[in-house]
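Welcome! Take a moment to look over the sequence and the model, and then we can go through two parts of it together.

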There are 2 protein chains.
Amino acid sequence: MTDTVRIALDAMGGDHGPSVVVPGASIALSRKPDLRFLFVGDEAQIRPLVDADPTLKPVSEILHTTVTVAMDDKPSVALRKGRYKSSMWLALEAAKTRKADAAISAGNTGALMAMSRLCVRMMPNVDRPAIAAIWPTTRGESIVLDVGATIGADARQLVDFAVMGAAMARILFDIERPTVGLLNVGVEEVKGVEEVKEAARLLREGHFPALDFRGFIEGDDIGKGTVDVVVTEGFSGNIALKTAEGTAKQIGEYLRSAITRTFLSKVGYVLAKHAFDTLREKMDPRKVNGGVFLGLDGVVIKSHGGTDAEGFASAVELGYDMARYDLEEKIREGFAQDGAAAPDAPSEPALAGAAS
Amino acid sequence: MTDTVRIALDAMGGDHGPSVVVPGASIALSRKPDLRFLFVGDEAQIRPLVDADPTLKPVSEILHTTVTVAMDDKPSVALRKGRYKSSMWLALEAAKTRKADAAISAGNTGALMAMSRLCVRMMPNVDRPAIAAIWPTTRGESIVLDVGATIGADARQLVDFAVMGAAMARILFDIERPTVGLLNVGVEEVKGVEEVKEAARLLREGHFPALDFRGFIEGDDIGKGTVDVVVTEGFSGNIALKTAEGTAKQIGEYLRSAITRTFLSKVGYVLAKHAFDTLREKMDPRKVNGGVFLGLDGVVIKSHGGTDAEGFASAVELGYDMARYDLEEKIREGFAQDGAAAPDAPSEPALAGAAS
C-alpha cells in the first residue's frame, strides 16, 4: 500500500457503464482525496468523461479494452468470451498484480465471482468465498454473509465466514471485537442443521479474540442489529437479503398509495415531508451499496448493477476502506489469533515447482 | 363433515390461554355462525368465560384437563409430559378421531408439530409435513411453505409442498389453478441447489392440472406476489418469514421516530392519520395469523402465541375454511390429478396385519 489507494474500476459494468462509474469515482474522490483510479474499458467512452472532470483527470488512468461482460451473461459464457481481455477481468487482474489495491465492478455477480476465483484466486487455506452485504438495522448497520457466493457450507466454512465477516466489521465499524451470530431457525430440536450447530460449537470452544460469538440468532434479529456480523450459508443468506429488500419496497408502495389517497393525507405528507425524507434516507439502498467478496487474495467489491453515481461512490468508498485498513491482513490476523488454521503466505514451493 | 364446522381449541395454548382463545372463538362465531367449539383445557378457567357469552355458550363443549404444554417446552419434554393428556394433545386427538373437523393451538410450534405427527399422523404417501404461512403482498396474499416444519427437502418433497400449497390456495383464494414458484437464488449456474432444479423439472414435466408452475422466483418476488404459492424448504422459508417480519418492524420504527421528531411532522401525521391507519391495517400481522400444517391426516392450525382475540379469530376462520372446503380432499385431488403418487386411502392390510 502506497500513500494513495488505487482502485481498478470495471468501467463497462452495470446497467449504465461509464456514465455512472466515472461520476461515481469523482464523488468518492471528493470525499477521499487520496484515491487513484484505473478505469478499465472502452477509452472512447471513458476518456471524454474523465477529461471533462478537472479533479478526476490528474488521478486517473485508462486501460483500454472493448470486450465487455453482459449483465445477463452466464458465468461460463462470461469466462469464455471475457477471460484475459474483458474490462471485468482486467480490473480484477490489476488487483491481483497489486497494480491496484482493490477492484470494483457493477457487472453481473456470477461472472464477477467466477472471474475473481480464477484471476484473483482464494486466500490460502480458505475454501470458499463469501459475499458480505452491509445491512441497515435499527441500531445502525450489520454485516451479513454469505448472501450468495456459494450454496451450502460446512461447519468449518461457516467459521471462516465468521472470522472474515468480523475482520470486515473491525474495519467498517471500528470495533475491536465485533459480535457474531449464526443464523438459525427457532424451532428447537429440529434436525438437519448439524453444520450450524457444529459451527456454534467450534466458535464457542475455539479461541477467537477478534470476535465475540453470541450464539444463534433468527431472521428477525438481523433488522434489530442484534449482532454486528450475521453468518449463514449462501442460499438462505441470499433469500434473506432479497426478501428484506422486497418487504421494504412493498411497505414503501403501501405508504405511497396510502399517502396520496386523500387531500388531507397529501397535506399531511407535505407537513411531514422532512420526516419522510429522513425515512427515505434511512431506507436508501444507495447508501449501503456494495458487497465485499471475502476469502479472495485481493479486495473485490460488487456494486449493484442498477445504482447511480452516488451509489457507485459508496461502493468505491467501501473498497477504499477495505484497502486502506487492510482487510486481507485483518483476516489473516483473525485466523492467526483465533488459533484456527491460519491462511499463511504460500508455503515454499516443492523442488519440482521451484525448478519450473 | 356435518352441516356445522367443529373446531377443537387448545384453550391453554399461547401467551394468554383462555382469555384470548375464548373471546377469539366468539369473534369467529359472529362471522361464521355454523362454527361449533370444543374447548380443551382447565374447565375452571374456561367455563366462566364461555358461560358469560350467550352466543358462544350453546355451541361450545369443554373437555377438561389440567395438563398443559409450556411455550418454552422442547418438543421432547412436551411429549413426555403432555402425550395423551395435555390440552394440546387432546385437541389434536379430537381432529384425529373426527370428533372435530380441525384443531387449533397457539402453543409452541415445535411441540405442536411433534404431537401432530404422532397423534394426527401423516397423510399416506406424504413424507414430510410443511407449515404454510399466509404472506401479505402488494397484490393481495400468497402462501409460503415450508416456514419451518423441517429442515431441507428433496425434490420429491418440494413437489409435495407445491401440490399441498396449491390445494390450500385453491380454497383460500378461490382459484382453480394457483400459480406456483420455487424459491431460488438468482446466481446462475450455482452448485448445490440440485434438489430445487430437480423439483422444477418434475413440476414442469409432470402433469399438474391443479397448479400452474411458473419456475423459479427470488426472495424479492414474495412481497410482489409474483406467484400464489411460494415453495421452499423449511430453513430458508423460516428465515425468509422472520426476516420479512423483522424488516417490517424496523421500517415501522423508523417511521414512528421520524414522525414524532418535529412539531410539523406531528401535525402532518394527524392530517395523514387515515393513511397511516390504512398502512397499519395492511401490515397488521393479526389479519394473516395462522400457519396451516400440511401433510397431516387432519386439519391443524398454529396461531401465533402472542396474538390477541382478533388475531386468534383469524386463525379459527382459517381452520374453518380449510375444514369447510375440505383441504385434505383438495390435496388428494391434487396428487391424483397430477399423476404423482397419490396418497390413497391406506391399502389393504397384509394378512398378518388383518389378523392382529
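How much area do chain A and chain B bury between them? In this predicted model, the two chains bury about 5200 Å² between them, with 73% of it on carbon and sulfur atoms. Phe235(A), Tyr254(A) and Leu271(A) supply 12% of the area that chain A buries against chain B, more than any other three residues.

Here are the counts for this meeting of chains:

| Item between chain A and chain B | Count |
|---|---|
| Residues in contact | 61 residues of chain A, 61 residues of chain B |
| Salt bridges | 2 salt bridges |
| Polar contacts (both at pLDDT 80 or more) | 8 residue pairs |

Several helices of chain A help to form the side that touches chain B, and helix 9 (234-259) is among those that supply at least two residues. In fact, helix 9 of chain A gives the largest share of that side, 19 residues. Sorted by character, the residues on this side of chain A are 29 nonpolar, 22 polar and 10 charged. For a salt bridge you can find yourself, look for the side chains of Glu218(A) and Lys242(B), which meet at 2.2 Å, N to O.

Now let's turn to helix 5 of chain B. This helix, residues 109-120, is mostly covered, with 9 of its 12 residues buried. Among the buried ones are Leu112(B), Met113(B) and Cys119(B). The buried residues of helix 5 pack against several elements of chain B, including helix 3 (75-82) and strand 5 (130-136).

Both ends of the helix are worth a visit. At the N-terminal end, Asn108(B) acts as a cap: a side-chain oxygen lies 3.3 Å from the backbone nitrogen of Gly110(B). Just after the helix, Arg121(B) takes a positive phi of about 70°.

Definitions and conventions
Residues numbered from 1 in each chain as written. Chains lettered and ligands numbered in written order. Heavy atoms only, no water. Buried < 20%, exposed > 50% of the residue type's maximum accessible area, 1.4 Å probe, protein only. Helix = DSSP H or I, 4+ residues; strand = E, 2+ residues; numbered from the N terminus. Contact = heavy atoms within 4.5 Å. Polar contact = N/O pair within 3.5 Å; in protein donor to acceptor, adjacent residues only side chain to side chain. Buried area = accessible area lost by both parts, 1.4 Å probe. Salt bridge = Lys/Arg side-chain N within 4 Å of Asp/Glu carboxyl O. Nonpolar A, V, L, I, M, F, W, Y, C, P; charged D, E, K, R; others polar.
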